[in-house]
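User: I've got a model open and I'd like to talk through how its pieces fit together. Can we go step by step?

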Amino acid sequence: MRLALALTALLAPLPAAAAPDLVLAIGGEPETGFDPIRGWGTYGNPLFQSTLLRRDADLATQPDLAEDWQLSEDRLVWTVTLREGVRFSDGSPLTARDAAFTFMTAKQVPDSLDLSAMDRAEALDDRTLRITLNRPWITFTETFYTLGIVPEASYGPGYGRAPVGSGPYSLVSWSEGEQLIVRRNEAYHGQMPQFEQITFLFTGADTGLAAAQAGQAHLVAVPAQLAGRVPQGFRPVVAQTVDNRGLSMPADAPVTSDPAIRQALNLGLDRALIAEVALEGHGTPAFGPADGLPWAGPDDLLEHDAQAAMAVLDRAGWLPGPDGIRARDGLRAAIALNYPAGDPTRQALAEVTAELARPLGIQVTPKGGSWDAIQRVMHDEPVVFGFGSHSPYQLYTLYSSAVARTGWMNPGGYASAEVDAVFARAQAAESMEAAAPIWAEAAAHYGVHGDNAWVWLVNLDHVYLAHDCLDLGATQIEPHGHGWPVTATLADWRWTCG
């Protein structure tokens, strides 16, 4: 009721003039606020803050705050030259001291960004930032794209709910659980967006869709189950993603520790059918966490083959019992599959997986629960996880033994000396581009032709319903859905009606 009243009171009928104030219902309300040091912007556009670099619609690197950036020959020192004349939305100048403060403060916050490879960040003058690493670590570059720079003078407790930055928009008001209103930062140094004010509704997909149908929203993100409900005057916009869903396979659990079980699931689950049934066609088969990106294994693919899957299980001594479920030495091929109970997409994936695994002789029991409950069992039981990033550091967090069972990283505890060695070579590369083919080598060990460490299922399509007058331009290959990935190209959005 409160939200409905808010919608009625705050969202007047859409103005007929060109470039109206936009209303978006695309989810993504951050629990910890809009503080980059607490993780805001990790999966997309920080909106209120600027970053050193940014990625365009083709994921090509573009400067943001940085005019020049150089890595020393020993790959331990980054020297970044900031553009001149940038100001925060409160009018104060942004200098290299703010950038150094941001990196050093973020290093001290353990629950968001991994800056363990950084020794120190320091300002050499107003425009020159020097970052010293304690080891060659090329994926440190990722922070240049994701860590929004905050003002040293005014940063403190409560920043995340009243952010001051140098991004394209500044915060007007935030009613948590309801809506966020932002206004264009007229002092922004980059390409000025066309839309002066934007309201983000945190309504849930059903209410967001209702707002669009009532003429009170211009863009709505919907799950696959609602993708066909296109309001009059709207059209679907489908963004390709690396927003994947897959099953963790705990390395020390009685059933999933057996390579034959993992291989059989990878061979025997029909991913195309899963995408068709669970996602109503709004997704594609996934074989790894970086499909289509330069650091994915080029051969990390499989043809669905249920007979081959069952042959693998037969050879491994997993034999069908009276109920069709296989067993070996008294151990049934039975696993619980956890998913967050409030996520209909993961629930559908868990249920379809269970149906498709049964004919193989593997009993999969979907188990919905809270993330707190899942966190308590994720080292011992499979979980329908979601990942997907523009950085190969995602591979490191999923497969490196160095981070096994560290928070949400490598939750199944996979460990491979071969993979760790490949990752070490990749991190020592001279650039992200040079590292990409090295990262890709690791898939031969962890992937579907190696250890079958995970059972990846699908890459989701991100489906948006857009007002016919709203042109989003080209969209990126979007990462995991936290944050607002579609807003990464907001400066290119145009209102096409008079």
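Analyst: Sure, and one term first: a crossing is right-handed if the near helix is turned clockwise from the far one by less than a right angle, and left-handed if anticlockwise. Keep in mind that this is a predicted model.

User: Then what is the handedness of the crossing where H6 passes H8?

Analyst: H6 covers residues 271-278 and H8 covers residues 344-357. Going by the turn of the near helix against the far one, the crossing of H6 past H8 is right-handed.

User: Are H6 and H8 roughly parallel, roughly antiparallel or oblique to each other?

Analyst: Their axes are 10 Å apart, and the packing angle is about 135 degrees. Roughly antiparallel needs an angle over 145 degrees. H6 and H8 are therefore oblique.

User: How many charged residues are there in the contact of H6 with H8?

Analyst: On the H6 side you'll find Leu273, Ile274, Val277 and Ala278, and they meet Ala348, Leu349, Val352, Thr353 and Leu356 of H8. By class that gives eight nonpolar residues and one polar, and the number of charged ones is none.

User: How do H5 and H7 run relative to each other, roughly parallel or roughly antiparallel?

Analyst: H5 (residues 259-268) and H7 (residues 306-315) have axes that come within 8 Å and cross at roughly 170 degrees. The cut-off for this class is over 145 degrees. So H5 and H7 are roughly antiparallel.

User: And how many polar residues are in the contact of H5 with H7?

Analyst: H5 brings Ala260, Ile261, Gln263, Ala264, Leu267 and Gly268, while H7 brings Ala306, Ala308, Ala309, Val312 and Leu313. Nine of these residues are nonpolar and none is charged, with the polar count at two.

User: On to the sheet of seven strands. Which strands stand at its edges?

Analyst: The sheet is open and mixed in its pairing, with the order S8-S9-S10-S1-S11-S22-S12. An edge strand has a single partner, so one of its sides is left without a neighbour in the sheet. Here those strands are S8 (169-175) and S12 (234-239).

User: Which residue is the bridge partner of Val238 in S22?

Analyst: S12 pairs with S22 (residues 462-467) in the antiparallel sense, over six bridges. The bridge partner of Val238 in S22 is Val463.

User: Which helix packs on that sheet, touching S1, S10, S11, S12 and S22?

Analyst: The helix spans residues 205-213, and its direction makes about 150 degrees with that of S11. That's H4.

User: There's a sheet of four strands too. Which are its edge strands?

Analyst: This one is open as well, with antiparallel pairing and the order S4-S5-S7-S6. Strands that pair on one side only sit at the edges, namely S4 (66-71) and S6 (118-123).

User: In S7, which residue is the bridge partner of Glu122?

Analyst: S6 and S7 (residues 128-133) run antiparallel and are joined by five bridges. Glu122 has its partner in S7, and that's Arg130.

User: Which helix lies across S5, S6 and S7?

Analyst: Look at residues 96-107, which run at about 160 degrees to S6. The helix is H2.

User: Last one: how many residues of domain 2 are in contact with domain 1?

Analyst: The domain assignment gives domain 1 as 22-218 + 469-495 and domain 2 as 243-460. Their centres, taken over C-alpha atoms, are separated by 31 Å. Domain 1 puts 18 residues into the contact, and the number from domain 2 is 23.

Terms used:
Residues numbered from 1 in each chain as written. Predicted model: local features only at pLDDT ≥ 70, side-chain atom pairs only at ≥ 80, totals over all residues. Heavy atoms only, no water. Axes fitted to C-alpha atoms, helices over the stretch in contact; angles between N-to-C directions. Helix = DSSP H or I, 4+ residues; strand = E, 2+ residues; numbered from the N terminus. Parallel < 35°, antiparallel > 145°, perpendicular 65-115°, else oblique. Contact = heavy atoms within 4.5 Å. Nonpolar A, V, L, I, M, F, W, Y, C, P; charged D, E, K, R; others polar. Pairing = 2+ DSSP bridges. Domains from an automatic or database assignment.
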